[in-house]
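Please open the structure in your viewer and keep the selection panel at hand. The stops below say what to select next and what is there.

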Amino acid sequence: MKSKTIAAVATPNAPGGIGIIRISGDEALEIAGKVFEPVSGENLSRSKGYRAYFGSVRQGDEKIDQAVCLIYRAPHSYTGENVAEINCHGGLFVTKQVLRAVIEAGAEPAAPGEFTKRAFLNGKMDLAGSESVMSLISASGKKAAAAALNTLEGNLSGKIKECRDKLISVSASLAVWVDYPDEDIEETGSEEIMNCFTAVKAELEQIISRYDSGKALTRGVDTVIAGKPNVGKSTVMNMLSGYQRSIVTDVAGTTRDVVEEEVLVGDIILRIADTAGIRETDNTVEKIGVDLAEKRLDRADLVIAVFDGNLPVTDEDRAVIERCKGKTAIALINKSDLPAVIDKAPIEEGFDTVVEISAATGEGRQAFEQALEKVLMTDEFDPYGACLTGERQRECCRRALQFIDEGIAALKGGVTLDAVNVCADCAIDSLFELTGEKASAAVVDEIFSKFCVGK
Ligand code: GDP
């Protein structure tokens, strides 16, 4: 059956040096040939792959741009299909006009992620690799980009396949036992099975812990700035984002609602809620802000607790220290440019990490960045190890791990080996789901629907 030919602008929707219109499908070269005229006069539909042609783009009789057209022949292309890419001038109007000409010539507009979905369906990459494409596009730092590229190049899939193959060989020998229970493999086999389970368990645990420590770099950290009024929370937020965002005043309780901002501190993405101070209040409007702050604090991955270094510790400060117990948190003793009045002892007792800064002058910002890396363990993150690229993959890994744990418990408990075999098979299925061989069509559709058009 012929695949329908799709087209989309693959470059951002903004003026730029070059705009790329990507066409993929059985008719891609014929359609490109209808709108693009090489100066050489060659017929694009008969072109070999890996060729570039200079020429002009036409919409009907009208010449609309000069361009270069790249030709890839199936299966040697991103999607695995015939692909033509028209590289025209990157004006917003020009790229849209070229796309319109391509669609008039017979292509259909591509859905979000449809090119990568075709690459997946044509076996050019697995599901884990496909997901890393979006992670690579949206990476905001060096380590996040390195991790995504590493997954795209198959490091994660290779490790998952190793784990799967180990489990498959165990499952195969168990299946023999289930079919021929008189063969005595219990004595000789169960130690081998236990070794396999333990090795796969260690590998999966390491992969999950790497994902957790890299999450701050790849997915961002929900952060709350907490502290009593006037300690400098809004000023801290402004320091981090590099520009004025919240209203900064001398009147206690000015910042009443939650202001959200995403900032990049070093390589770490912080999604910061600058909340009203956590305090007792009778003012109804302010109380709403305080309640909101309490809820955000409960859910936050990280709390930045701010104290005024120029004032003694108060009961309100003690309440903040108490609220942060058991949470991943950094204490900032702010206003280091003013004389130090604060007694640091209760703060140092309540927090493992305490940094002195002046949010107003930016002094101590570097120490804060280092503390952040340490607290979020991103300094331990190895982007070149096998990296998961999202919660779906983490869930598949976690499920596989759970089945292996059940298998280990069954083995230890002396449960019959067919029960152990079920655990191994379920773990294998979870790993197949991770790389896509056993992902349902609905899961696949959901993944690609989150992609941008043109990718
Ligand atoms: P919030 O109520 O905790 O959000 O506090 P603000 O950020 O509104 O700051 C309260 C007051 O403290 C303002 O007058 C700020 O200019 C001042 N302030 C904040 N940070 C510093 C600092 O590092 N040094 C000094 N000297 N003043 C600061």
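## Salt bridges across the chain

A search of the whole structure, which is a predicted model, finds 26 salt bridges. For the first stop, select D212 and R394, whose side chains meet in a salt bridge with an N to O distance of 2.9 Å. D212 belongs to helix α7 (residues 186-218) and R394 to helix α13 (residues 391-412), so this pair ties together parts that are 182 residues apart in sequence. Colouring by accessibility will show D212 as partly exposed, because its relative accessible area is 35%, and R394 also counts as partly exposed, at 21% relative accessibility.

Next, select R323 and D298, where a second salt bridge is found between the side chains, at 3.3 Å from N to O. Here R323 lies in helix α10 (residues 315-323) and D298 in helix α9 (residues 284-299), so the pair ties together parts that are 25 residues apart in sequence. R323 is partly exposed, with a relative accessible area of 24%.

Then move to R399 and E433, whose side chains meet in a salt bridge of 3.4 Å, N to O. This pair links distant parts of the chain, with R399 in helix α13 and E433 in helix α14, 34 residues apart. If you add E395 and R398 to the selection, you will have E395, R398, R399 and E433, which are joined into one network by salt bridges that share partners. Within that network, R399 is partly exposed, and its relative accessible area is 23%.

## Helix α3 and what surrounds it

Select residues 114-121, which form helix α3; six of its eight residues are buried, so the helix is largely enclosed by the rest of the structure. Which residues of α3 are buried? They are E114, F115, T116, R118, A119 and F120, and a charged residue name such as E114 or R118 in that list should not be taken as a sign of exposure, since both are buried.

To see what encloses them, display the elements against which the buried residues of α3 pack: the strands β1 (6-9), β2 (16-24) and β7 (108-109), together with the helices α4 (127-138), α14 (417-435) and α15. Just after α3, select G123, which takes a positive phi of about 75°.

## Helix α15 and a distance to draw

From α3, continue to helix α15 (residues 441-449), where D445 has its place. D445 counts as partly exposed, with a relative accessibility of 38%. A distance drawn from the C-alpha of D445 to that of G242 should read 39 Å, and the two residues are 203 residues apart in sequence.

## The two faces of helix α12

Now select residues 365-375, helix α12, in which F368, A371, L372 and V375 are buried. Turn the view until you look down the axis of α12: its buried residues fall within an arc of 105°, so they line one face of the helix. What does the face turned away from the buried side of α12 carry? On that face are the exposed residues Q366, Q370 and K374. After α12 comes M377, whose phi is positive, near 60°.

## A nonpolar patch on the surface

Switch to a surface view and select V39, F54 and V68, which make a nonpolar surface patch of about 270 Å². F54 can be traced to strand β4 (residues 51-59), and at 44% relative accessibility this residue counts as partly exposed.

## The chain as a whole

Finally, clear the selection and look at the complete chain, which has 15 helices and 13 strands. Its C-alpha trace spans about 80 × 80 × 35 Å along the principal axes. The radius of gyration is 29 Å, whereas a compact globule of 455 residues would have one near 23 Å. Buried residues make up 48% of the 455 residues in the chain, and its accessible surface comes to about 21600 Å², with 52% of that area belonging to carbon and sulfur atoms. A contact map would add one further view: among the contacts in the chain with a separation of 6 or more, 67% are accounted for by residues 24 or more positions apart.

Note on methods. Residues numbered from 1 in each chain as written. Predicted model: local features only at pLDDT ≥ 70, side-chain atom pairs only at ≥ 80, totals over all residues. Heavy atoms only, no water. Patch = residues over 30% accessible without salt bridge, like charges linked within 9 Å, V, L, I, M, F, W, Y side chains within 5 Å. Areas by Shrake-Rupley, 256 points an atom, 1.4 Å probe, with all protein chains shown as cover. Salt bridge = Lys/Arg side-chain N within 4 Å of Asp/Glu carboxyl O. Helix = DSSP H or I, 4+ residues; strand = E, 2+ residues; numbered from the N terminus. Buried < 20%, exposed > 50% of the residue type's maximum accessible area, 1.4 Å probe, protein only. Rg over C-alpha atoms; globule rule 2.2 N^0.38 Å. Contact = heavy atoms within 4.5 Å. Arc of directions from axis to C-beta.
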